[in-house]
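Subject: Structure for your files

Dear colleague,

Here is the structure I said I would pass on. My notes on it follow below.

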Amino acid sequence: MRNFIKVMAFSLLTIAAFAGYSNFGIPLINPAPPPEEEQLDLETMTMDRFVAIGERIFNGKGTCTLCHSAVGGRAPLLDTVATIANERLADERYEGEADTGEAYLFESMVDPSAYVVAGFGKTGTNDTKSPMPDIAGGSIGMSDAEIKAVIAYLQNLAGTEVTVEIPAGGGADASEESESKGGQAAAAEPVILADPEALISKHACGACHKVADQSGALGPDLTRVGAGRDETYLRRAILDPNADIAEGFQPNLMPGNYGEQLYAKELEVLVAYLAGLK
Ligand code: HEC
Ligand code: HEC
């Protein structure tokens, strides 16, 4: 209870300082409706369904919209990427092995540095290294079938021919299990997580940060963040990322809505964990 009061006090102060943030409460409950349960029956799978699954993965488990969205400018928009994929292959900076647009999209997700969109490379690498994580690895861990569903979605989105084939049998893991990750989907019953690494995984902090065995590169390395930052700083860094900008990084990259997604207790668990990383 004391923590709760402390956090509320902090919250009120922050509201006073940032009057624009009218919804800046801390112990808010994730308002998203529970995901609809869905059976994935590959026998009767149609391309429309496969595209729809790809869209859900894109917005959910894949955490793609964390970076590929109209706000923040963290990554290029992907509305037309399926139509320009062939141009990427012809670009002299292309270093991958794909020979079709579809293969380019696949490669972009599992080996993002094979081609780095100009201006979006990791700071200091002159657009030779991508800050995008390998989405088949780490905490995102998409299967081949899930990646293919996302490609189907991107091809459909761009209005190009959908060339991916629905995987035979191997796609069962592109099912409702995909709904529970990525920080977008809410559980039917609110669950308060007490394990910091589970929180980091749920909210995909590792997509951008090196922390808890993950190696995101869009934001600062957090593996020793507690050596130089105290809890007050860390709490603010999570709730209002633009309040202080870590040296060498740009504003507006870190999502500003974690205050709406984390319970007060979860926030404190995260802050204490990060403060302990020395
Ligand atoms: C942590 C941020 C981040 C996440 C999460 C992320 N991406 Fe990216 N992505 C980027 C950045 C930055 C680039 C541009 C640099 C590059 O070309 O690799 C990029 C590039 C791409 C490209 C190539 C675009 C082009 O124009 O050639 C594709 C395709 C892509 N991402 C797909 C995805 C998909 C699908 C997901 C989710 C499964 C995803 N990304 C998740 C940051 C991210
Ligand atoms: C889309 C990428 C992205 C995601 C996701 C993300 N961050 Fe960040 N984060 C950044 C960037 C970029 C910065 C540096 C700019 C700044 O300070 O706001 C940053 C800064 C920080 C800092 C301040 C570090 C310092 O030394 O000043 C902390 C702490 C932090 N993030 C924690 C988190 C936590 C915890 C999560 C998950 C709940 C998270 N971040 C998710 C991109 C991200």
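Which helix gives the most to the shell around ligand 2? Helix 8 does, with 4 residues. Please keep in mind that this is a predicted model.

First, the chain as a whole. It has 278 residues, of which 42% count as buried. The secondary structure consists of 10 helices and 2 strands, and the order along the sequence is α-α-α-α-α-α-α-β-β-α-α-α.

Ligand 2

The shell around ligand 2 has 28 residues, and Cys205, Cys208, His209, Tyr233 and Met254 come nearest. By class, 21 of the shell residues are nonpolar, 4 are polar and 3 are charged. Both domains take part: domain 1 (2–30 + 191–275) and domain 2 (42–180) each supply at least three residues to this shell.

Three polar contacts with ligand 2 can be listed. The side chain of tyrosine 233 places an N or O atom 2.6 Å from an oxygen atom of the ligand. Histidine 209 has a polar side-chain atom 2.8 Å from a nitrogen atom of ligand 2. Alanine 246 makes its contact through the backbone, where an N or O atom lies 2.9 Å from an oxygen atom of the ligand. As for secondary structure, the elements that contribute two or more residues to the shell are helix 3 (64–67) and helix 8 (231–239).

The iron atom of ligand 2 has two protein donors, NE2 of His209 and SD of Met254, at 1.9 to 2.2 Å. The site is octahedral, with 6 donor atoms and angles of 87 to 178° among them. The two residues come from distant parts of the chain, 45 residues apart: histidine 209 sits in the loop between helix 7 (196–202) and strand 1 (210–211), and methionine 254 in the loop between helix 8 and helix 9 (258–261).

Is each of these two residues buried or partly exposed? Histidine 209 counts as buried because its relative accessibility is 10%, under the 20% limit. Methionine 254 has a relative accessibility of 29% and therefore counts as partly exposed.

The loop between helix 8 and helix 9 also holds aspartate 244. At 30% relative accessibility, aspartate 244 counts as partly exposed. Its C-alpha atom is 8.5 Å from that of tyrosine 233, and the two residues are 11 apart along the chain.

Ligand 1

Which residues are the protein donors of the iron atom of ligand 1? They are His68, through NE2, and Met132, through SD, lying 2.0 to 2.1 Å from the iron. With 6 donor atoms and angles of 88 to 180° among them, this site is octahedral. Histidine 68 belongs to the loop between helix 3 and helix 4 (81–90), while methionine 132 belongs to the loop between helix 5 (101–110) and helix 6 (144–158), so the pair ties together parts 64 residues apart in sequence.

Histidine 68 counts as buried, since its relative accessibility is 15%. Methionine 132, at 28%, counts as partly exposed.

To put the iron sites side by side: the iron of ligand 1 has His68 and Met132 as its protein donors, and the iron of ligand 2 has His209 and Met254.

Regards

Note on methods
Residues are numbered from 1 along each chain as its sequence is written. Chains are lettered from A and ligands numbered from 1 in the order in which they are written. This is a predicted model: local features need pLDDT of at least 70, side-chain atom pairs count only at pLDDT 80 or more; totals for chains, interfaces and linings use all residues. Side-chain values use heavy atoms; hydrogens and water are left out. A residue is near a molecule or strand if one of its heavy atoms lies within 4 Å of it. A polar contact is a pair of N or O atoms within 3.5 Å; within protein, one must be able to donate a hydrogen and the other to accept it, and residues adjacent in sequence count only if both atoms are side-chain atoms. Ala, Val, Leu, Ile, Met, Phe, Trp, Tyr, Cys and Pro count as nonpolar, Asp, Glu, Lys and Arg as charged, and the others, Gly among them, as polar. Domain bounds come from an automatic or database domain assignment. Donors are N, O and S atoms within 2.8 Å of the metal (3.2 Å for Na, K and Ca); water is not among the atoms, so sites may look incomplete. Four donors count as tetrahedral if all angles lie between 85 and 135 degrees; four count as square planar and six as octahedral if opposite donors are over 155 degrees apart and all others between 65 and 115; anything else is irregular. Buried means under 20% relative accessible area, exposed over 50%, partly exposed in between (1.4 Å probe, protein chains only).
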